Each structure stands twice: as C-alpha cells, then as structure tokens.
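Hi,

Here is the structure I promised to pass on. Have a look at it first, and then read on for what turned up.

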Amino acid sequence: MPFIMLTVLIDMVAIGLIIPVLPVLVGSFSSSPADQAYWYGVVAFSFGVSNFLASPVLGALSDRYGRRPVLLLGFLGLGLSFFGTALTTTLWGLIAVRTLGGAMQANAAIANAYVADITPPEKRAKRFGMLGAMMGLGFIIGPVMGGLLGAISLRLPFFAAGGLAMANLLYGYFVLPESLAHTQRKAFSWRAANPVNSLRALAQLKGVGGLVGVVAFSGLAQFVLYTSWVLYTTFKFGWGPMENGWSLAAVGVVSVAVQGFLMGRLLQRFPPQRLAIMGLVSSVLAYALWGAASEGWMMYAVIGVNLLGGTVAASVNSLISAAADSRSQGQTLGAVNALSSLTAVLAPMLAAPLLGMVSHLPQGDWRIGAPMYFCAALQLGSLWLAVAYFRKHHRRVAA
C-alpha cells in the first residue's frame, strides 16, 4: 500500500500542476477571449474522448498482462504528453498531445484494481479511502505548485509535471511490485473493453432508475464547473495562474476534509438518502452563489460552507451499490464510472459556448456567471430526480 499510495500521490500532483495554466496556454494561441473559450473546450473535449475510449482498454490490458506494465505505460505516456505540451508551438499540436494524455490517463482506475488485488474484501473500503485521500492531497499540492510556477513561466509547470511523471516511471520500474498473480489473469477481449457495454449494465440493474439520472446530472454539473473554473474566474475577477492555483487547492482541502473526516460521522447521523438530498440542496445554492459572486473572496467563502456538496457522489454510489447483488458490484460501480467519464466528455461542449457568450462582458458583470447558473440548473434537476426516486422507493417499501 505505501508503494501504490506514493505512486497515486505523485500522479495527482503532476496532473494538478497543469490545471491553473492550461487555459492560459490555450489563450496564448487565441486572438480573443471568445476564441480562448472555444479552443479550450476543444482541448478539454479531445482529452475527455480519448480517456473515455481508452480507459476500459487499458483496464482490460491490465487484467491480461498485469497492473505494473500498464501503470508504467501510463506514466510514460503522461510524461511525454506533458513535455509535448510544454514544447508545442501550435494549437493543433496542443490538441494532439492532450489527446495522447487522455488516452494514457487510466492510472487511478488501475491503482484501484491494484489495491483490490492485494486487499481482502473486508478491508477494501478503507484502503480505497486511503487512495482517495492521496488523490485529494495531490490535488491540494499540485494546483498551488502550478500557480506559483506558472507565475514565473507559463510552460514551467508542464516541464515540472513531466519530470514528476518520469520520476513515477522510475519509481514504478525499480520499486513497485506486480500485484496480479498469473493464475488470476484473463484473456483480452475487445467486447469487455467496450465502454458502451459498461453503460448498458446500469440499464439492466433493477430498482435504480432515477439514481442514474442523479449521477448523470450532478456529474455533468461537476465537470462543467471544472472546465469553466479557471476561465470564469479570469473573466470575472482577472485572476491569473497563482490565484486559480490557491482556489483549486482550497477545493482540495474541503474535499479531503469531507471524504476523510466528515463522511463517516455524517452517515452515523443521517441515512444516505437524506444526506444525498442535503448535499444536492447545498450544491444548488453553491453554484448559484459562485455565479453571483462579485468579489474573489466570495468564491472561497462558498467553498468553505459547501461541505455537504462533497457527500453527494459517495451517498448516491452507496445506494446504487446496495441495489446490486454481491456478484455484480464491480460491474455496477464500473458502469457508474463510465457514466461519469461520459459526462466529462460532454462538459466541454457545454462549457465552452457558455464562456464564449460572456467573454466580452466587463469584469464583475453578474452575467459572466452563466456557466455556474447552468450548473445550478443541472443540480436542481438532480435534486428533483432524487426526491422523486426516494418517494417512489419509500412507497414501494411500505407496500
């Protein structure tokens, strides 16, 4: 576990490094803020599509050849994509290297499979939580480092991220052992590697219904937020890489606090159904307030009070897991992950036009919050679906 936890931490720090500066790099190839929003959407979309298509393929390859070689391949691909991003001088070159990066970015999923290989079932939830804490910690450190380095040179964070990926490659090659025994490996199948098949599994799961819609709407809202955050704060408050790095680190701190400390205590007091509703209400208000914020400090205030918003995904996933039998847990939660990946593909297609529509407005204009208001509307749809599902479920149980 210490080996794989350090691997995940380094990986997430490398990814977090580039978040505050990638939209600014796209802007260096653009002639206007509207063009910047459009092409940033294209770059994010190319990354999401390649990740959605390649992740199940890499997962199936890890079942066939072991976790270690696929992790090493991922580190190598990420390192090359980061260095390629730092050196590219054209917009199409940037799109090409980000597409490569998306295709190689399945390290988190392979790390989860690695932990499942080496952990008895009764301890997996705790160890998955440990991995989640490492991801959150990496997301705190990475954006801050990216913001500080980006203030020195726009391309410096990409060189630093590439160096970390290569350090992970060396660490994995010399230190990280293989976790999957030869007797547990299975033949590669393109059918099993098809992401559409995993989505069909959710449709075949009885009793879930509206919860799938909750996952889709709330996931789409979250990824639209991630895609919009840096350009939104740039247009609204004039923030640069450093300010955005600190704000993203604040998001990471709250995420670690909720997932690592508050979640267990909240579940002792509230059932998952009620916690999901409370979290959705908190998220609707948070998105609306982020959109209406007139000063930068207000963004931090909303981050700090939106603690319940971080409980939605875990609460809903636990309810979906409870609806599946013990032999189909992996298939079911894998399908939820595929659905989340699909929303990550759709988000840039929605966020870029919304940002382009408001890019000409003066700083501080409330209309620049259009992407955030759209997220609030999506989360309101999630809230409606969740309330309808829980009421129907309650009546069915009572009957």
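Leaving out residues up to four places away in sequence, which residues does W290 touch? Keep in mind that this is a predicted model. The list for W290 runs to L225, W229, Y232, K236, M299, V302, I303, N306 and M372. W290 also turns up in the largest nonpolar core, which has 54 residues: L94, W229, W290 and M299 are the ones touching the most other members. Helix α10 (residues 210-237) supplies the largest share of that core, with 10 residues. There is a second, separate core too, with 20 residues, including L9, V13, L72 and M134.

Now for the overall picture. The protein chain has 16 helices and zero strands. Of its 399 residues, 50% are buried. If you take contacts between residues at least 6 apart in sequence, 84% of them join residues at least 24 apart. The accessible surface comes to about 18,100 Å², and carbon and sulfur atoms account for 67% of that.

Two helices are worth a look.

Helix α12 covers residues 272-292, so to speak the home stretch of W290. It has 21 residues and spans 30 Å from first C-alpha to last, close to the 30 Å expected at 1.5 Å a residue. Its buried residues are L275, A276, G279, L280, S282, S283, V284, A286, Y287, W290 and G291.

Helix α8 (residues 156-174) has 19 residues and reaches 27 Å between its first and last C-alpha, again close to the expected value, 27 Å. The buried residues here are P157, F158, A161, G162, A165, N168, L169, Y171 and G172. As a reminder, an α-helix has 3.6 residues a turn, so residues three or four places apart point the same way.

Helix α8 also has a part in a surface feature. F3, L170, Y173, F174 and V175 make up a nonpolar patch on the surface, with about 540 Å² of accessible area together. The biggest contribution to the patch, three residues, is from α8. F3 sits in helix α1 (residues 2-18), and F3 counts as partly exposed because its relative accessibility is 38%, between the 20% and 50% cut-offs.

Just before α8, L154 is in the loop between α7 (124-152) and α8. With a relative accessible area of 25%, L154 is partly exposed. L154 and L25 are 129 residues apart along the chain, yet their C-alpha atoms are separated by 6.8 Å. Setting aside neighbours within four places in sequence, L154 is in contact with V21, V24 and L25.

A few other pairs link distant parts of the sequence:

- A386 belongs to helix α16 (residues 370-398) and is buried, at 2% relative accessible area. Its C-alpha is 9.2 Å from that of V316, with the two positions 70 residues apart along the chain. Beyond its neighbours within four places in sequence, A386 is in contact with V214, I277 and L280.
- W39 is in helix α3 (residues 33-65). W39 and I95 are 56 residues apart in sequence and 9.1 Å apart in space, C-alpha to C-alpha. Not counting residues up to four places away, W39 touches V26, S30, L91, W92 and I95.
- D117 lies in helix α6 (residues 107-118) and is partly exposed, with a relative accessible area of 27%. The C-alpha atoms of D117 and E178 are 9.7 Å apart, and the two residues are 61 apart along the chain. Aside from neighbours within four places in sequence, D117 is in contact with R67, S179 and L180.

Last, the charges. How many salt bridges does a search of the whole structure find? It finds one. The partners are D365 and R367, whose side chains meet at 2.9 Å, N to O. Which of the two is buried, and which is partly exposed? D365 counts as buried because its relative accessibility is 14%, under the 20% cut-off. R367, at 41%, counts as partly exposed.

Cheers

Conventions:
Residues numbered from 1 in each chain as written. Predicted model: local features only at pLDDT ≥ 70, side-chain atom pairs only at ≥ 80, totals over all residues. Heavy atoms only, no water. Helix = DSSP H or I, 4+ residues; strand = E, 2+ residues; numbered from the N terminus. Expected span 1.5 Å × (residues − 1). Buried < 20%, exposed > 50% of the residue type's maximum accessible area, 1.4 Å probe, protein only. Patch = residues over 30% accessible without salt bridge, like charges linked within 9 Å, V, L, I, M, F, W, Y side chains within 5 Å. Areas by Shrake-Rupley, 256 points an atom, 1.4 Å probe, with all protein chains shown as cover. Salt bridge = Lys/Arg side-chain N within 4 Å of Asp/Glu carboxyl O. Contact = heavy atoms within 4.5 Å. Core = buried A, V, L, I, M, F, W, Y, C linked by side-chain atoms within 4.5 Å.
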